[in-house]
Amino acid sequence: MIYTVTVNPALDYVMQLEKVNAGEVNRTNNYSFLAGGKGINVSQILNQLNVENTAWGFVGGFTGKELIRQLNQKRITSDFVTISDVTRVNVKIHAEKETEINAAGPQITNQEITAFKSRLDDLKKGDIVVMSGSLTPSLPTDFYQQLLPTIKDAGAEFVVDTTGQALLDTLEYGPLVIKPNHHELADLFNTSFDSSDVMLEYAEKLLNMGAQNVMVSMAGDGGYLLTKDHVYHAKGAVGTAVNSVGAGDSMIAGFVGTYFKTHNAEESFRMGMACGAATAFTKDIAVKSQIDAVLPQIKVEQIS
């Protein structure tokens, strides 16, 4: 089983109007509520790839009930911990400029944290846990890291989609894959790259620090995969990028879902690249037909 973790999901309140007049009453008939969260995005792609998964996290209040209703509608299996506080609402205003107002998130009690951690008791060898997205202010900053010893003791694999020191702190536990983009990779080592070769040298350091696989995404310029044995490159798919939200989550889902079935890192990289591009080319998370349309474009070349 693959488990996705979204500890701070949101109900996105999306409003579309031609123009916002500050300080005045603005009206629109074009609005919607959408279940949001990086782990939820991963689950959506896994469903499209027909990979069984369960979404974990925290939800509460009337917004949490609506979020779960939408997940059920999308046939996403979930086992969230119900909390006493209310799942946050993020406001997305699409006008002449796009404006977002994101809430920090609910208060989560120690009892609720314990209930979530008990979910890990069911993990077994071969399972994969994918942790994505921001933490609520009430959770400790090392919350994800606290879960890693239990995951590894169960013989399961994990992915934490994060950046900076938080990413480096996971490496000693051997994440299945990490996915910095080339800017984030440079920031990790406080440097800059003047060539692909130099970039790959730094990516290899992450392997030596404990990562099993390293994907370096370069947006429209494609990406690289480093494993213990080989380095692969794939050019970017041709298309018009209209959406950056969820593309990284889709890339992770494509890799993890394929690896879960095949244990083939090269094929997993190819599917990850296809899923990321397919989501970038649409206004929402990609569906199977869109992924299938992009996949033939992704040619993976072993370069070492």
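The side chain of N102 makes a polar contact with the side chain of K92, at 3.2 Å. I begin there, and I should say at once that the coordinates come from a predicted model. N102 lies in the loop between strand 7, residues 98-101, and helix 3. Is N102 buried, exposed or partly exposed? Its relative accessibility is 45%, so N102 counts as partly exposed. Leaving aside residues up to four places away in sequence, N102 touches N90 and K92. For a distance across the model, take F189, which is 87 residues from N102 along the chain: the two C-alpha atoms are separated by 30 Å.

The contacts of N102 lead to the sheet. N90 and K92, the residues that N102 touches, fall within strand 6, which spans residues 88-94. Which strands make up this sheet, and in what order? There are 4 strands, arranged 3-2-6-7 in an open sheet with mixed pairing. Strand 3, residues 30-36, and strand 7 stand at the edges; each has a single partner strand, so one side of each is left without a neighbour in the sheet. From one strand to the next, the twist averages 20 degrees.

Let me take the pairings of strand 6 in turn. With strand 2, residues 10-16, strand 6 pairs in the parallel sense over 7 bridges. Within that pairing, D12 stands opposite N90, and the bridge partner of Y13 in strand 6 is V91. With strand 7, strand 6 pairs in the antiparallel sense over 4 bridges. V91 appears here as well, with I101 as its bridge partner in strand 7. The connection between strand 6 and strand 7 is a hairpin through 3 residues. Helix 2, residues 61-73, lies across strand 2, strand 3 and strand 6, and runs at about 80 degrees to strand 3.

I turn next to helix 3, residues 110-117, whose buried residues are E112, I113 and F116. Why do these residues fall on the same side of helix 3? They cover an arc of only 100 degrees around the axis, which puts them on the same side. The general background is that an α-helix has 3.6 residues a turn, so residues three or four places apart point the same way. On the other side of helix 3, N110, Q111 and T114 are exposed. What do the buried residues of helix 3 pack against? Their partners are strand 1 (2-6), strand 4 (53-59), strand 5 (81-82) and helix 4 (143-153).

Strand 1 deserves a closer look, through T6, which is found in that strand. T6 has a relative accessible area of 3%, and because the cut-off for buried is under 20%, T6 is classed as buried. The side chain of T6 reaches two backbone nitrogens: that of G39 at 3.1 Å and that of I40, also at 3.1 Å. Beyond residues up to four places away in sequence, the residues touched by T6 include G37, K38, W56, G57, F58, F80 and S132.

The third region is strand 11, residues 223-226, with its two neighbours. Strand 10, residues 214-217, pairs with strand 11 in the antiparallel sense over 4 bridges. In this pairing V216 stands opposite Y224. The two strands form a hairpin with 5 residues between them, and in the turn A219 has a positive phi of about 55 degrees. Strand 11 is also joined by 4 bridges to strand 12, residues 231-234, again running antiparallel. Here G223 stands opposite A234, and the hairpin from strand 11 to strand 12 passes through 4 residues.

Which way do the residues of strand 11 point, and are they buried or exposed? G223 and L225 point one way, Y224 and L226 point the other way, and all are buried. In a regular strand, the side chains alternate between the two faces of the sheet.

Finally, a word on annotation. The UniProt record, an unreviewed entry, carries the annotation "domain: Carbohydrate kinase PfkB" over residues 12-281. Over those residues the chain is 37% helix and 20% strand, and the end C-alpha atoms are 21 Å apart.

Definitions and conventions:
Residues numbered from 1 in each chain as written. Predicted model: local features only at pLDDT ≥ 70, side-chain atom pairs only at ≥ 80, totals over all residues. Heavy atoms only, no water. Buried < 20%, exposed > 50% of the residue type's maximum accessible area, 1.4 Å probe, protein only. Arc of directions from axis to C-beta. Contact = heavy atoms within 4.5 Å. UniProt positions renumbered as here; feature names shortened; annotations may be inferred. Pairing = 2+ DSSP bridges. Polar contact = N/O pair within 3.5 Å; in protein donor to acceptor, adjacent residues only side chain to side chain. Axes fitted to C-alpha atoms, helices over the stretch in contact; angles between N-to-C directions.
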